[in-house]
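The following exercises concern a two-chain model. Each sets a task and then works through the solution step by step.

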Amino acid sequence: MPPKSGYQNRIELLQGTLDLLILQTLQWGSQHGYAISNAIRANSKDLLRVETGSLYPALHRLEKQGWVKSDWRQTEANQRAKFYTLTAGGKKRLLSERDRWSQMVAAIGAVLDAVGNEG
Amino acid sequence: MFFFKRIRKDSDLEEEIASHLRMAASDSGPDAALREFGNVTLVKEVTREMWGWASWERLWQDLSYSCRVLRKNRAYTLAAVLSLALGIGANTAIFSLIDSVMLESLPVKNPQELVALGDPTATQSMSEGSGGNTRIFSYPFYKLFREQNGVFSGLYAGGRSERLDLQDEAEHPHARFVSDNYFGVLGVAPSQGRAFLPEDREAVVISYDFWQRHFLGAPNIAGRRITINHRDFTIIGVSARGFSGDIVGYQTDLWLPIEAQPEANPGHDYRNEPNTFWLQLMGRLKPGVTLAQVSTVLNTMGTTIIKEQAAKITLPAGLEKIDREKIAVQSGAKGFSRIRHSFEPMLKILMALVALILLISCANVANLQMARAISRSREMGLRLAIGAGRGRLLRQLLTESLVLAAAGGLTAVMFGYWISRLLLQFTARQNRLPIEPHLSGTALLFTGAISVVAALLFGLAPALFGTKGNFVTHLRESKTGRSKGAAQRFEKGLVALQIVLSLILLYGSGLFIRTLQNLEKSNVGYRRENLLVAELDPWAAGYKTLQIDALALNLTSALSAIPGIAYVSFSENGLFSGTESGTENAIEGFTPRSPEDLVNRSDKVGAKYFSTVGIPILAGREIGPQDTANSARIAVIDEAMARFYFGNAQQSIGRHIADPDGKHPMTIVGVVGAAKENGLRDPAARRLYTPFLQSREDDPIGAFHLEIRTSANPGVMEASIRRAIHKVDAALLEPSVEQVQILIEEDLEQEKLIAKLSGFFSILALLLASIGLYGVMSYLTVRRTTEVGVRMALGASRSSVVALLFREAFSMAAIGLVVGAACAFAVGKLTASNLYGVNAFDPLTVAAAAAVICAAAALASWLPARRASRVDPMVALRAE
């Protein structure tokens with residue numbers, strides 16, 4: 001196996017969260033890659049920027065796993081683009097990812113609070 | 001499929017990214033869009049990885065790269081592929097023979113349900129008179145057991161036929177007499193016409209091959225007439241294509257109903273003889289019945305039937321045998337076969353030989369790869385430098401080995417078919433192959449498997465050596481062309497291994513060749529040169545017991561009159577004819593320790609038999625014209641019998657020998673030398689000779705043989721002998737006339753084949769090993785060019801340089817020879833049962849084999865050494 005590229009390493013770091021963000025964004029309707037990245041940036045008040053080198057591999061992986069499906073459509077600006085749509089499986093996945101995320105936040109918060117109390 | 005999908009997905013991704021860039025560009029301008037996006041190629045690359053095809057793609061890359069590399073290095077590829085094709089091809093050939101003879105099931109319905117009763121190797125056997133045969137069965141027994149057994153859904157019988165003559169045909173077809181349910185029980189429907197019905201008499205089913213061969217596949221063959229032994233038969237059907245009977249190694253041409261046996265073999269009627277054993281039985285198990293149950297039924301109910309039937313005719317002593325020996329029962333899935341039994345030792349030896357050959361070819365290719373690993377050091381170094389992992393390189397190199405092995409394997413399949421065909425031709429009789437050579441699925445699987453094993457054997461170590469270290473050492477090595485110490489030791493080890501293997505092969509073939517020579521020279525006890533044997537079947541021409549005596553005497557005097565014929569006599573069994581008789585006797589003054597002590601081989605012979613054949617008379621007299629049905633009953637015994645029963649020849653004269661119950665006494669009038677009459681390996685057995693003309697009514701002469709001693713070349717006499725016999729009685733079937741010398745040589749067929757093939761294989765091995773040694777020596781010599789230059793510049797002579805390099809070669813050879821000698825003796829022990837007149841531990845043969853190897857090694861290392869010694873010192877020094 002060749003050494004893993006830098007991009008892939010970052011995907012792995014973000015993996016769970018990026019998937020969650022993409023699925024959450026698609027909850028409001030089909031979107032193409034560019035719009036998804038813009039949406040995440042806008043909704044995070046410009047805090048989170050998704051690199052294309054992570055976004056597209058993530059989209060293709062989600063599609064391979066059957067959580068999203070894709071088709072070619074026209075955008076409002078009348079451009080051809082590949083739109084991704086959440087599947088039924090994807091909706092379930094989103095719910096479980098959200099659960100996991102809130103558990104994670106709660107758990108990390110608890111840990112941080114405990115450290116704060118002692119300090 | 002995969003590629004089209006792949007191409008579509010690729011262009012899809014291309015467009016997706018393009019549209020992203022377009023949209024980004026319209027928002028923030030093209031430059032910013034590109035900057036924002038990052039490395040487009042890399043994004044594509046990591047996205048593609050998500051498709052999960054990466055490992056396939058890498059394999060494809062490796063494969064196409066391997067093919068490119070191999071195509072570029074044609075000489076190397078050719079040498080490696082040829083070497084492998086030889087090794088793998090030899091294995092494929094021998095394995096496919098083993099597969100067809102020993103492993104393959106009959107091409108019938110559910111062969112695993114079939115059960116063979118008795119001895120499945122007794123395909124051409126026949127035994128009359130002796131009760132209690134446990135190997136083959138009588139027809140009356142079959143009919144009763146077929147009805148009563150309760151364990152088979154069907155049970156059929158098949159038996160041998162005497163020679164059959166077709167009208168105007170030189171070829172004698174292979175025929176079997178079978179019960180009417182033969183094709184039904186086997187579950188092979190005829191391809192034309194129909195199978196047998198119980199009421200069929202003069203009916204015959206022909207094989208698909210026979211139909212093609214003799215009738216050129218003529219349509220509507222069913223209903224045609226065919227003349228067999230001057231009788232008319234009707235062809236009722238043609239067997240299924242690919243079905244050549246239930247005997248492996250004897251391709252059946254014709255099947256005849258057992259009920260038609262007396263018509264097809266005139267003069268003989270075995271149908272109602274409970275004491276004529278000639279049938280082999282095969283049953284199809286009822287569901288849920290086991291082999292053990294079959295054995296129980298056969299050895300209780302079955303033996304009871306046999307004993308009841310035989311008791312009317314046979315003495316109780318003959319029946320004891322069936323109580324002592326159980327009748328065997330075994331799976332019939334692979335059919336009956338004589339050659340399965342007789343070829344087995346030969347096939348095992350050959351398999352071992354070719355396995356060694358494959359090892360030698362692998363060592364050769366490994367050495368080629370080691371040498372190439374050095375020249376590829378730069379490539380490997382570069383690839384390591386630009387970030388390839390060792391695992392990736394190993395995979396690439398092993399893929400290359402697999403491609404080589406696959407090419408070798410494919411070539412081998414073609415080779416293998418022809419080699420196995422050639423081998424079968426060696427064993428063919430009358431131009432008929434015992435089995436049709438073919439490569440079954442099993443054989444192809446085997447070839448594939450050994451190709452992969454071979455690739456690992458020859459590819460793994462060189463790949464490991466070739467990828468060891470970092471790119472710095474690789475790039476440095478590529479400049480000096482030097483291999484590391486461990487790699488060098490490995491190369492030398494490979495050469496030593498090849499020498500070990502070659503020595504084993506040479507020693508083995510030496511033993512087999514000496515075995516053959518010993519057998520050829522072995523004393524048969526008579527003069528085999530200028531001796532002919534003619535076989536006659538008077539019963540087929542309508543003769544009865546007493547008339548046969550007259551016929552034998554008439555033929556003797558007719559043949560004696562032919563110029564060039566010195567003596568003529570006659571006997572029942574002939575020499576090396578494949579027929580043999582045995583009797584049980586009571587011996588005057590001898591107390592047996594076991595029942596076998598009273599069993600002797602026997603023959604009935606005419607006047608002057610011993611002087612005709614050339615068996616020396618040691619005491620008393622031989623059987624003469626005065627010993628007729630009306631004179632006193634006499635016997636002549638051989639030396640072995642005289643020694644066993646009476647101590648020596650002289651003391652035997654005048655003693656008496658009789659039936660086990662004391663009846664029919666005979667006086668011994670002569671003792672003759674021991675003679676081998678069937679097979680050279682067995683020590684000459686105890687043999688009892690009685691006068692042909694004193695044959696008893698309860699043991700009449702069947703077919704008999706004429707022994708003819710010629711003074712001229714026997715080959716030219718055959719035609720005039722046939723003419724003379726025809727003149728005596730035109731009704732006699734054309735006799736077979738054979739030279740004893742040739743019959744004896746045919747008896748050595750397998751030994752010859754083993755000697756020839758092992759000789760051939762060991763020369764092949766030696767050649768491969770020499771090439772290996774030559775390669776390694778050339779390479780080592782080139783490596784030492786500078787050293788040689790320095791030495792010569794300092795005044796070393798040419799011969800001392802050659803000696804220096806020779807020492808290196810012979811250190812490898814010496815290790816190989818010492819280890820090889822030890823292994824060779826071990827291997828000799830394993831083959832001891834196949835040897836004759838030569839010890840498994842034979843220093844002379846080992847010395848000869850070692851000498852041959854030394855000569856080859858000397859030649860292989862002399863050439864590179866001489867080249868090195870001619871190098872101009874200045875050139876050599878500059879080369880550094």
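**Exercise 1. A buried strand and its partners**

B:Gly154 stands opposite B:Arg284 in β11(B). The model is a predicted one. Starting from this residue pair, describe how strand β3 (residues 152-160) of chain B is paired, and decide whether β3(B) is enclosed or open.

*Solution.* Step 1: the facing residues belong to an antiparallel pairing, in which β3(B) and strand β11 (residues 279-285) of chain B share seven bridges.

Step 2: β3(B) also pairs with strand β4 (residues 175-178) of chain B, again in the antiparallel sense, over three bridges. Within that pairing, B:Gly159 has B:Phe177 of β4(B) as its bridge partner.

Step 3: for burial, the cut-off is 20 or more other C-beta atoms within 10 Å. Seven of the nine residues of β3(B) are buried, so the strand is largely enclosed by the rest of the structure.

**Exercise 2. The sheet of chain A**

Establish the strand order in the sheet of chain A, and explain why β1(A) and β2(A) each have one side without a neighbour in the sheet.

*Solution.* Step 1: chain A contains four helices and three strands, arranged along the sequence as α-β-α-α-β-β-α.

Step 2: the open sheet has three strands in the order β1-β3-β2, with antiparallel pairing. β1 (31-32) and β2 (68-74) of chain A are the edge strands; each has a single partner strand, so one side of each lacks a neighbour in the sheet.

Step 3: seven bridges join β2(A) to β3(A) in the antiparallel sense. A:Ser70 is placed opposite A:Tyr84 of β3(A).

Step 4: helix α3(A) lies across β2 and β3 of chain A and runs at about 120° to β2(A).

Step 5: of the 119 residues in chain A, 31% are buried. Of the contacts in chain A between residues at least 6 apart in sequence, 52% join residues at least 24 apart.

**Exercise 3. The contact between the chains**

Which elements give two or more residues to the side of chain A that touches chain B, and which element provides the largest share?

*Solution.* Step 1: the contact takes 20 residues from chain A and 20 residues from chain B.

Step 2: on the side of chain A, the elements giving two or more residues are α1 (6-26), α2 (33-43), α3 (52-64) and β3 (80-86). The largest share, seven residues, comes from α3(A).

Step 3: by residue type, this side of chain A divides into eight nonpolar, seven polar and five charged residues.

**Exercise 4. Domains and cores of chain B**

Locate the largest nonpolar core and state which domains of chain B contribute at least three residues each.

*Solution.* Step 1: the domain assignment of chain B gives domain 1 (2-52), domain 2 (111-339), domain 3 (341-520 + 749-878) and domain 4 (538-732). The centres of domain 1 and domain 3 of chain B, taken over C-alpha atoms, are separated by 54 Å.

Step 2: the largest nonpolar core has 161 residues, and those with the most contacts inside it are B:Val204, B:Ile357, B:Leu503, B:Ala765 and B:Ile853. Helix α12 (residues 339-375) of chain B supplies the largest share of this core, 19 residues. Domain 2 and domain 3 of chain B each contribute at least three residues.

Step 3: leaving aside neighbours within four places in sequence, B:Ile357 contacts B:Gly87, B:Ala90, B:Phe761, B:Leu764 and B:Ala765. A second, separate core of 58 residues includes B:Leu575, B:Ile637, B:Ile668 and B:Phe704.

**Exercise 5. Three individual residues**

Is each of B:Ser83, B:His230 and B:Lys608 buried, partly exposed or exposed?

*Solution.* Step 1: B:Ser83, in helix α5 (residues 74-103) of chain B, counts as buried because 24 C-beta neighbours lie inside 10 Å. Not counting residues up to four places away in sequence, B:Ser83 touches B:Ser361, B:Asn364, B:Val365 and B:Leu768. B:Ser83 and B:Gly408 are 325 residues apart in sequence, yet 7.8 Å apart in space, C-alpha to C-alpha.

Step 2: B:His230, in the loop between β7 (225-228) and β8 (231-238) of chain B, is exposed, with 11 other C-beta atoms within 10 Å. Although not a glycine, B:His230 has a positive phi of about 70°.

Step 3: B:Lys608 occupies the loop between β17 (599-605) and α19 (609-613) of chain B. With 19 C-beta neighbours inside 10 Å, B:Lys608 is partly exposed. B:Lys608 has a positive phi of about 60° and is not a glycine.

Methods. Residues numbered from 1 in each chain as written. Chains lettered and ligands numbered in written order. Predicted model: local features only at pLDDT ≥ 70, side-chain atom pairs only at ≥ 80, totals over all residues. Core = buried A, V, L, I, M, F, W, Y, C linked by C-beta atoms within 7 Å. Buried ≥ 20, exposed ≤ 12 C-beta atoms within 10 Å, placed from the backbone. Domains from an automatic or database assignment. Contact = placed C-beta atoms within 7 Å. Nonpolar A, V, L, I, M, F, W, Y, C, P; charged D, E, K, R; others polar. Pairing = 2+ DSSP bridges. Axes fitted to C-alpha atoms, helices over the stretch in contact; angles between N-to-C directions.
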